[in-house]
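Hi,

Here is the structure I promised to pass on. Have a look at it first, and my notes follow underneath.

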Amino acid sequence: MVTVRPVANFDLTDHNGRSVTEADFAGSHLLVYFGFTHCKVVCPRSLGKLSRVLDGLGEKAARVTALYVTVDPARDTPEVMRAYLEHQHPRFLGLTGSEEQIARAKKAFRVFAEFTGDDEAPDGYVVPHSAIAYLMGPDGDHLDHFIDALEEEEVMQRMSAAIW
Ligand code: NI
């Protein structure tokens, strides 16, 4: 079996309107999660759990930058992402970009997401997506990843063990 590792390689805009690449976060661990702010269940659950894990990591959390990358850039402008994150998940920095930039970031992290029609959703669509958080080291190496189904305690233990 071939294991394809995610690579931290992106050229995006953060929720403060600043252009950022992975080089801007060199020296920090990255915890990277992809989703979209209209997501009703999965993103709130994952972002909430990951935020509690970071809270529980104490001083080790200071060595981690948590990034929330949108798979729905048409709606998730920097302003929309900032408004969503600063009140509900303030540990996360939102990243967005053009469709092409987001497509490249998804490919680098091996993330799957696909627009799907849903008459009951705002604007008539949702974007089901991979629900995996990627932990990258300060040198860009992939250290671990956490599927949404994992218990908070396991994510905490594995993150604590992996952060250096
Ligand atoms: Ni989501």
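For the salt bridges, I counted a pair when a side-chain nitrogen of Lys or Arg lies within 4 Å of a carboxyl oxygen of Asp or Glu. By that rule there are 9 salt bridges. Please keep in mind that this is a predicted model.

Two of the pairs start from helix α1. R45 and D148 form a salt bridge with an N to O distance of 2.4 Å. R45 is in helix α1, while D148 sits in the loop between β9 (142-147) and α4 (152-162), 103 residues apart. R45 is partly exposed, at 44% relative accessibility, whereas D148 is buried at 14%.

The other pair is R52 with E152, where N and O are 2.8 Å apart. R52 belongs to helix α1 and E152 to helix α4, so this salt bridge ties together parts that are 100 residues apart in sequence. Both ends are partly exposed, R52 at 42% and E152 at 25%.

A further salt bridge joins R75 and D72, with the closest N and O atoms at 2.7 Å. Both of these residues are buried. Through shared partners, D72, R75 and D123 belong to one network of salt bridges.

Then there is the metal site. The protein donors of the nickel ion are C39 (SG), C43 (SG) and H129 (NE2), at 2.0 to 2.2 Å from the ion. C43 lies in helix α1 (residues 42-56) and H129 in the loop between β7 (125-126) and β8 (132-136), so this pair connects parts that are 86 residues apart in sequence. C43 and H129 are both buried.

Best wishes

Note on methods: Residues numbered from 1 in each chain as written. Predicted model: local features only at pLDDT ≥ 70, side-chain atom pairs only at ≥ 80, totals over all residues. Heavy atoms only, no water. Donors = N, O, S within 2.8 Å, 3.2 Å for Na, K, Ca; no water. Helix = DSSP H or I, 4+ residues; strand = E, 2+ residues; numbered from the N terminus. Buried < 20%, exposed > 50% of the residue type's maximum accessible area, 1.4 Å probe, protein only.
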